[in-house]
Amino acid sequence: MPGVVVMDNTKIGGAGQGSAIHDSRNGMPSLTPNINRTSAFGDSHAGRVHINGMTKNAVDPSQAEDASTVNVISTKSMELPGLPHITQGFFPFSKLISRSVQQSWNDLSDLITEMADIKVSPQEQNSLQLPASGKSFGNQSPENIRKKARILDFAHAKRAEFIKLLVLSQWSRQAADVSKLIDLQNFIRTRHQAYMGALQGIGDMKRDLVQAQVANPDLTTALEVLSKGKVSSMSDLGYKPPRSLTGKDTLKRLQKINRIISVRLALYDSVPRAFHSYSIHDGRVTFVVPNEFELDLSIGQEDESSQLYFVDIRFLFNPSSPILKGRIFNEFDVKINDALRNDGLSGCFDLLHSLVLTNKINILFKQAMELARGLWYDVLRVELLHRTLVVHYWTQKAGAKSWLEIGIKSGRICGENDSYSHPNLGLRWIRDGQEVDSEEIEFNTESLSMECILRSVIALHISHILSSAYCIISESLLYSAGRLSLQAQLARTEPGDCGLTIQLTESRHLSVSIEPMSGASIISATPSAQERLDNDRSSDKSSAEHIVARVARLRCMAAIDEIESNVKMLGFETVNPRSLKIDFRRMFPSNVLRFSFFWHHLWERNWIVAATSSMDGDNWWVVQLQKTTTTESHSVFDASTHISSTLRSAQAISGSFFHVSQNIGYPSFADLGHYLSGILAVHTNARYLADLQSVDFYPPLQRLVIEPNLQVPEIFMRYEAANIPEAFRIALPSGLKSRVRTKGTIRLAFHGIDPCKKVATIVAYGNLLIPIKAFSALNSTWDHSLVFQKRGTGFAIRLLAPPGRPVIPKLIENLQRLDCVLSIFECLQRKKMEPRSLSLSHVTFAYGPEKDLLATLNIETSMPPSSMELDPIFLASRTKSLFHLRLGLSFEFPNPHRRIQKSIESTLNHSTTDAVLDTVAELLLLTLPLMRALDQILMNPSNKQPLRVQVTVRNAKTFQIHYPGQSFRFQLVATHHLGHMVWILKELSSPKEGSSQDQLKLKLRERLYNSKGDGWRGLGNGVVAETGKVGNLLTELDKCFEASSAPDLTPEVKANGSKSFSQQSTAENGNLDGTLSESATLIPAPNATSTRHKTGDTTQNADIIMID
């Protein structure tokens, strides 16, 4: 509400308003007046009530005047309630004047300060002269003029403000009347809102009461139905239910309906020509429209003027789906019956025919969209314009566009009037921007296939292009005279059958085809070679020389071009010799006229092959470049990495491109690519042996050529341990006898390319000097790098490497590993252990009394990471070996030795130990009874028992057994006693005298220290036990603590025991042992103080068996 300015000391509301009743809820005056109804209206018997201008209990006019007079008098005599007074937004006029005066004073102070800051320059003397009028202009400097203008602007602004105050003062004198008007308006608005709220409430109540309405039950009718079974008020028309039909009656009715339909169609109904093929059966007529639908109709009355009714419909084209029973079929029924009723059979046919045509176009559209999203992606553009399907093909091809339109033709011919013509599906073919005849396109309206239509259109288009090219080429003299053949193969339905074959030379043909999807031309040869030769004619040569030179160049170019165009399909890449900056013409003979270089992505980057052609023959060469420092592998030959490379070697490997009796074709080129990789792999190793100069081999490099039947030659090398370079020698573990076990000749053979790893497979064959019947059946089932001959002394080692990378270092390493494996095999047999499988990387054997425990010896060698370190020139001056051998030992669950695996491995690789394998074998047999006994003691079947015993492994022969609940600690050591190995048990620490464990100490002396048992006996302060009977000693020791373990546990031990329960359970399942064995290392045994300290930490960690 807008604010109102009121004058001071002015009575607002007048004397007649009285005091208003305020509402305590919001502080506003109450809007409900306090009216004394008895005083206002007087006596109810003499008064009169006015309702909307009407009177109730009206009397004569004289009485009405008296009553009105009485009412007026009583109204004036009562005190009317006051309207609610609105004061919100009102403020006194004096406050406005006070604020205006204060603001004027502040602005004046700011103006004086501002003018004081303006410096006025003194007036010049010539300006002091008086003008003709005699009045002085004063100081007319810009600063003084600005100060005057500023004072004038201030005065005008304040004058306007005070004029507004004057207007407000005059208006405020009438503020009392305005306030009353505001109160009146507020009262009227409040009453209006209450009226609207009442109307809304009544409307809501009326709406809600509709749901509460319940009709009264018709008890009379219900009683009559229940008692009599009928309602007398319903009229009975006297119909009788029809009797049920028998099979014979049904047949008669159907035959009658068939006759009625036959007569009706023959005499009365106008059957359109499309429905002339029909049959009458089973009380219905079936109209057959070929390639479209079958329609079943029947009659509802015998009257020939009655309409036919729809029964069923079946589509006669595919793909199509039947109309399922339900809402769609019902709507279909209604539409067809309406057409039959309004337009008869002609209207029905028009409706169904139009529906079928539209359905066929939609089916073709969906098929075209599937093609555009699938194999024909990005080469088709499909559009559906109303009922016309437009398919653009070869969209990526430049030039005029081509498309196919499938739509509905009217069937009418210009100038003819045939009422029988009806719409049908039609084709419109736009080829290269021009409309052509589409009669030859294969378009089957019964079996719809957009792909077949498209392939037929493209086949006709390709045939048109190739036939045009054929006509142009056939006009040439060479082909018109028949000296060179020209053949064209055209087709109407299959684009792949279209092609053009052109003979370039006697042995070279060119074939032209067009890719069906993209429309790109595919040419399988280079037709520009002849053009270059025609322009390369010199006048300083004789005719004979020119012919010979031309034939020679043409023959060599055709041969090299044929090789280049075919080996590229095998993954070979041509290498530009100019980018290598090497003059290869000095490398080849002078009669070579044409050459080309190739590289394969499976090869090393410093090896390429060259194909040379001359009048004397064609040759393949292997070329070795200087090896680059980069080790990255690329699938593309980058000549920039060989800019500074030098030519290391080049060697001819064949006298012809193909064998004389071999037919030139793709299989022969595939074999050629295979054998080129093979000869490169063999030549690489031969070159490595030649550079190594310490290993003899045969045949020499000059005789390593591809044999006439395209077989890769083999290499025979002399392997002697004394002639191996120092950098390749591997030191065997101590105790293994290094002696000659293989014969001196090793045969290297190429066995193809591994299809999975994409590397060359080279197999090294050799023979052993010892019989291999004992281990020929022990070939590993998962490592096939080593195979032994079942009968004889032969063995084979498989080597994998990319062609161009030598395998000689790996071969020498594997031969030495084979020597190590055979030494291990002999050592195991000496220790009466049973080998189960062996390979170059592991030996698995069984041990134990019943040979039921398995262990695996892993053989690992480390090689230099850089291939530059294996360069034969670098190895010639190296005196330190590049290979380091390390043995590993692994056990699987439930082998008890898995708990001390790391300790045994440390012994196995300890350089100061003599005969490490013999020592490890003895340790396995020595500790087996002990480890099985520890497994029994630590067994916790229920997985609920707290920690009772801890075992710490110092080494394979020293164990500490700790019972934390009783604070007893024992040491079990394997040592020599009276000429044989025994286990000695000593007590390291125990509770002090006078503690609660005195009884347990007494029990230990009686049952262990001063007693003897099966395989053990007491020594007074310890116990000695046989190696095979140490389990009995540990069982007896555990029984001493088993009865007193539970009640004597301290709170700390109980906490540790409950904490370690899950770890103990894991250890029983074999999972924790692997974790412990991975982190365990062998260190010297600490002193007593460190032992107690570490044992305390062990108790806190709650481990079952720990290796210190």
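This passage walks through some local and overall features of a predicted protein model. Residues are numbered from 1 along each chain as its sequence is written, and the model is a predicted one, so local features need pLDDT of at least 70, side-chain atom pairs count only at pLDDT 80 or more, and totals for chains, interfaces and linings use all residues. Side-chain values use heavy atoms, with hydrogens and water left out.

To start with the whole protein, there are 24 helices and 40 strands; these are DSSP runs numbered from the N terminus, helices being H or I with at least four residues and strands being E with at least two. Of the 1108 residues, 40% are buried (under 20% relative accessible area, with exposed meaning over 50% and partly exposed in between, for a 1.4 Å probe and protein chains only). Taking contacts between residues at least 6 apart in sequence, 59% join residues at least 24 apart, where a contact means heavy atoms within 4.5 Å.

Helix α8 deserves a look. It covers residues 327–373, 47 residues in total, yet its end C-alpha atoms are only 33 Å apart, whereas a straight helix would reach 69 Å at 1.5 Å a residue (the expected span is 1.5 Å times one less than the number of residues). Along α8 there is a kink of about 135°, centred on Asp-343; the bend at a residue is the angle between axes fitted to the seven residues ending there and the seven starting there. In the loop between β8 (308–315) and α8 sits Pro-319, and the peptide bond leading to Pro-319 from Asn-318 is cis, with omega near 0°.

Another cis peptide bond joins Phe-893 and Pro-894, with omega about 10°. Pro-894 is placed in the loop between β32 (884–891) and α17 (901–908).

Two non-glycine residues turn up with positive phi. His-386 has phi near 55° and lies in the loop between β9 (380–385) and β10 (388–393). Trp-394 has a positive phi of about 55° as well, and its place is in the loop between β10 and β11 (402–409). As for their surroundings, His-386 is exposed at 76% relative accessible area, while Trp-394 is buried at 4%.

A third residue to pick out is His-751, found in strand β25 (residues 745–753). His-751 is partly exposed, with a relative accessible area of 46%. Ile-762 is eleven residues away from His-751 in sequence, and the two are 5.8 Å apart in space, C-alpha to C-alpha. Leaving aside residues up to four places away in sequence, His-751 touches Thr-761, Val-763 and Tyr-765.

Next come the holes inside. A search of the whole structure finds five cavities of 30 Å³ or more. On a 1 Å grid over the protein atoms alone, a cavity is a set of points where a 1.4 Å probe fits but cannot get out, and lining residues have an atom within 4 Å of a point. The second largest cavity has a volume of about 60 Å³, volume being the space filled by probe spheres set on the points, with grid points joined across faces, edges and corners. Among the residues lining this second largest cavity are Cys-827, Met-833, Phe-845 and Val-920. Both α15 (808–830) and α18 (916–937) supply at least two residues of that lining, and α18 gives the most, with four. The lining divides into eleven nonpolar residues, no polar and no charged (Ala, Val, Leu, Ile, Met, Phe, Trp, Tyr, Cys and Pro count as nonpolar, Asp, Glu, Lys and Arg as charged, and the others, Gly among them, as polar).

Terms used: 1 Å grid on protein atoms, 1.4 Å probe; cavity = no way out; pocket = protein on both sides within 12 Å on 5 of 7 lines; lining within 4 Å.
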